[in-house]
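Visitor: I would like to learn how to read helix packing, burial and backbone geometry from a model. Can you take me through one?

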Amino acid sequence: MADRDLPLLLVRHAVAEDSHALGDEARALTPQGRAAFRQHAKKLTRLTPLMGIITSPLVRAVQTAELLADALGLSHVEVHPALVPMKGAARNVLKLARDVGPGWALVGHNPSLERAAALALGQALPDKFRKGCAVALRPEGRTFSLQWMAAPGRPLRRP
């Protein structure tokens with residue numbers, strides 16, 4: 001499969017702790033969230049190969065990215081500040097998506113990922129962007145089209 005034929009994935013982190021003594025940035029995946037995403041990552045590897053993964057520096061996103069990298073056989077996960085959840089993050093995510101192009105997964109948080117997907121598509125996603133969900137976008141010039149959505153424990157959704 002040529003690089004241009006690969007989708008760009010937006011992946012929301014898996015289910016994480018509600019709180020952590022060191023603050024929001026330190027919240028880790030729950031054992032159940034880790035197990036569910038590990039299974040989901042296997043499904044994602046059957047849907048598409050990837051060249052690389054870029055993640056938010058927050059612990060829960062890094063852990064999700066590492067599980068995805070392990071399933072794909074990738075040895076490196078890159079941390080990028082554009083994926084930090086903050087005001088205006090959706091535009092930062094979309095710029096990063098355009099910069100890296102197809103074949104990459106961007107792992108981060110809601111609502112910024114969902115808003116970035118809506119900006120990329122020019123419309124809202126057809127379903128909730130649940131924890132652990134991956135949205136496959138096909139670049140088409142400066143815009144994108146939706147290929148599929150895949151959430152843990154749910155059937156694949158195509159437009």
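Guide: We will go through helix pairs, then the backbone, then single residues. Keep in mind that this is a predicted model.

Visitor: Let us begin with α3 and α4. At what angle do these helices pack, and how far apart are their axes?

Guide: Helix α3 spans residues 89-100 and helix α4 spans residues 112-121. They pack at an angle of about 60°, and their axes are 8 Å apart.

Visitor: Is that roughly parallel, roughly perpendicular or oblique?

Guide: Roughly parallel needs an angle under 35 degrees, and roughly perpendicular starts at 65. The angle here is about 60°, so α3 is oblique to α4. The crossing of α3 past α4 is right-handed.

Visitor: Which residues make the contact?

Guide: From α3, the contact uses A89, A90, R91, V93 and L94. From α4, it uses S112, L113, R115, A116, L119 and A120. Sorted by class, the contact of α3 with α4 has eight nonpolar residues, one polar and two charged.

Visitor: How do I read the buried side of a helix? Which residues of α4 are buried?

Guide: List the buried residues, then look at where they point around the axis. In α4, the buried residues are S112, L113, A116, A117, A120 and L121. They cover an arc of only 160° around the axis, so they lie on the same side of α4.

Visitor: What covers those buried residues of α4?

Guide: The cover includes helix α3 and four strands: β1 (8-12), β4 (104-108), β5 (134-140) and β6 (143-150).

Visitor: Now the other pair. How do α1 and α2 cross?

Guide: Helix α1 is residues 31-47, and helix α2 is residues 59-72. Their axes come within 9 Å and cross at roughly 40°. α1 and α2 are therefore oblique to each other. Their crossing is right-handed.

Visitor: What makes up that contact?

Guide: α1 gives R34, F37, R38, A41, K42, L44 and T45. α2 gives Q63, T64, L67, L68, A71 and L72. By class, the contact of α1 with α2 has seven nonpolar, three polar and three charged residues.

Visitor: Take A41 of that contact. Is A41 buried or exposed?

Guide: Relative accessibility decides. A41 is in helix α1. Its relative accessibility is 0%, so A41 counts as buried. Beyond its neighbours within four places in sequence, A41 is in contact with L67, L68 and A71. The C-alpha atoms of A41 and G132 are 9.0 Å apart, though the two residues are 91 residues apart along the chain.

Visitor: Let us turn to the backbone. What should I expect of phi and of peptide bonds?

Guide: Most residues other than glycine have a negative phi, and most peptide bonds are trans. Two places around α4 are worth a look. Just after α4, G122 takes a positive phi of about 75°. In the loop between β4 and α4 lies P111. The peptide bond from N110 to P111 is cis, with omega near 10°.

Visitor: H109 is in that loop too. Is H109 buried or exposed?

Guide: H109 has 2% relative accessibility, so H109 counts as buried. Setting aside residues up to four places away in sequence, H109 touches H13, S56, L58, R60, A61, L83 and P85.

Visitor: And after α4, what does L125 contact?

Guide: L125 sits in the loop between α4 and β5. L125 is buried, because its relative accessible area is 11%. Apart from neighbours within four places in sequence, L125 is in contact with E114, A117, V135, L146 and M149.

Visitor: E114 is one of those contacts. Where is E114 found?

Guide: E114 is in helix α4. Its relative accessible area is 30%, so E114 is partly exposed. With neighbours within four places in sequence left aside, E114 is in contact with L125, D127 and F129. E114 and V11 are 103 residues apart in sequence, but 9.7 Å apart C-alpha to C-alpha.

Visitor: One last residue. Where does R157 lie, and what is R157 in contact with?

Guide: R157 lies in the segment after β6. R157 is partly exposed, with a relative accessible area of 34%. Leaving out neighbours within four places in sequence, its contacts are P126, D127, W148 and M149.

Notes. Residues numbered from 1 in each chain as written. Predicted model: local features only at pLDDT ≥ 70, side-chain atom pairs only at ≥ 80, totals over all residues. Heavy atoms only, no water. Axes fitted to C-alpha atoms, helices over the stretch in contact; angles between N-to-C directions. Parallel < 35°, antiparallel > 145°, perpendicular 65-115°, else oblique. Left-handed = near helix turned anticlockwise from the far one by under 90°. Contact = heavy atoms within 4.5 Å. Nonpolar A, V, L, I, M, F, W, Y, C, P; charged D, E, K, R; others polar. Buried < 20%, exposed > 50% of the residue type's maximum accessible area, 1.4 Å probe, protein only. Arc of directions from axis to C-beta.
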